[in-house]
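Reader: Before the discussion begins, may the sequence and the structure be placed before us? I should then like to ask how each descriptive term is justified.

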Amino acid sequence: MIIEFSKGKIIVTPHELTVRVDGEHHIALQAISDAVTLMGKGANVVIANDSSCKWTLKLDNEQQLKEISDVLGCAIID
């Protein structure tokens, strides 16, 4: 599934999440599903943290977070 957000695209599969940030630098962030935590309650943040990656991304709205949660099969932490 591809989710558009204000700064680029999020590509989500049941096994991994990839973020492509728009701009001249062509930044890409990637994480396996086990490394991803989703934080809701207005924060709407994707957190990737394990031995291979460490990054966070603020989303535009809670609907984007819910779509990621549905595909990855992980809960949203309040």
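**Terms and their grounds**

Author: Leaving aside residues up to four places away in sequence, V46 touches L17, V36, T37, L38, W55, T56, L57, L59, L65 and I68, where contact means heavy atoms within 4.5 Å. The model is a predicted one, in which local features need pLDDT of at least 70 and side-chain atom pairs count only at pLDDT 80 or more, while totals for chains, interfaces and linings use all residues. Residues are numbered from 1 along each chain as its sequence is written, and side-chain values use heavy atoms, with hydrogens and water left out.

Reader: Which residues touch the most other members of the largest nonpolar core?

Author: They are I10, L17, V46, W55, L57 and I68, in a core of 20 residues. The elements that give two or more residues to this core are β1 (2–5), β2 (8–12), β3 (16–21), β5, β6, β7 and α1. A nonpolar core is a set of buried Ala, Val, Leu, Ile, Met, Phe, Trp, Tyr and Cys residues joined through side-chain atoms within 4.5 Å.

Reader: Why is V36 called buried?

Author: Buried means under 20% relative accessible area, exposed over 50%, and partly exposed in between (1.4 Å probe, protein chains only). V36 has a relative accessible area of 8%, and is therefore buried. V36 lies in strand β5 and touches A31, V46, I47 and L72, not counting residues up to four places away in sequence. Of the 78 residues of the protein chain, 36% count as buried.

Reader: How many helices and strands does the protein chain have?

Author: The secondary structure comes to one helix and eight strands. Helices (H or I, at least four residues) and strands (E, at least two) are DSSP runs, numbered from the N terminus. Along the sequence the pattern is β-β-β-β-β-β-β-α-β. The radius of gyration of the protein chain is 11 Å, close to the 12 Å that the globule rule gives for 78 residues, so the chain is as compact as a globular protein of that length. That radius is taken over C-alpha atoms, and the globule rule is 2.2 Å times the number of residues to the power 0.38.

Reader: What makes β5 and β8 a pair?

Author: Two strands pair if DSSP finds at least two bridges between them. Two bridges join strand β5 (residues 36–39) to β8, so the condition is met, and these strands run parallel. M39 stands opposite I77 in β8.

Reader: In what order do the strands of the open sheet lie?

Author: Four strands form the sheet in the order β7-β6-β5-β8, with mixed pairing. Its edge strands are β7 (53–58) and β8 (76–77), each of which pairs on one side only. β5 and β6 are antiparallel and share four bridges; the bridge partner of L38 in β6 is V46. β6 and β7 also run antiparallel, joined by six bridges, and V45 stands opposite K58 in β7. In general, strands of a sheet pair through backbone hydrogen bonds, either parallel or antiparallel.

Reader: Where does helix α1 lie against these strands?

Author: α1 lies across β5, β6 (45–50) and β8, running at about 145° to β5. Axes are lines fitted to C-alpha atoms, for helices over the stretch in contact, and angles run from 0 to 180 degrees between N-to-C directions.

Reader: Are K41 and N44, in the loop between β5 and β6, buried or exposed?

Author: K41 is exposed, because its relative accessible area of 63% is over 50%. N44 is buried, because its relative accessible area of 7% is under 20%. K41 has a positive phi of about 55° although it is not a glycine. Phi of N44 is near 50°, also a positive value in a residue other than glycine. The hairpin of β5 and β6 has five residues between the strands, whereas that of β6 and β7 has two.

Reader: Why is the contact of K66 and D70 called a salt bridge?

Author: A salt bridge is a side-chain nitrogen of Lys or Arg within 4 Å of a carboxyl oxygen of Asp or Glu. The side chains of K66 and D70 meet at 3.2 Å, N to O, and therefore satisfy this rule. The count by this rule is one salt bridge. Both residues lie in helix α1 (residues 62–72), four residues apart, about one turn of the helix. K66 is partly exposed, at 43% relative accessible area, and D70 is exposed, at 51%.
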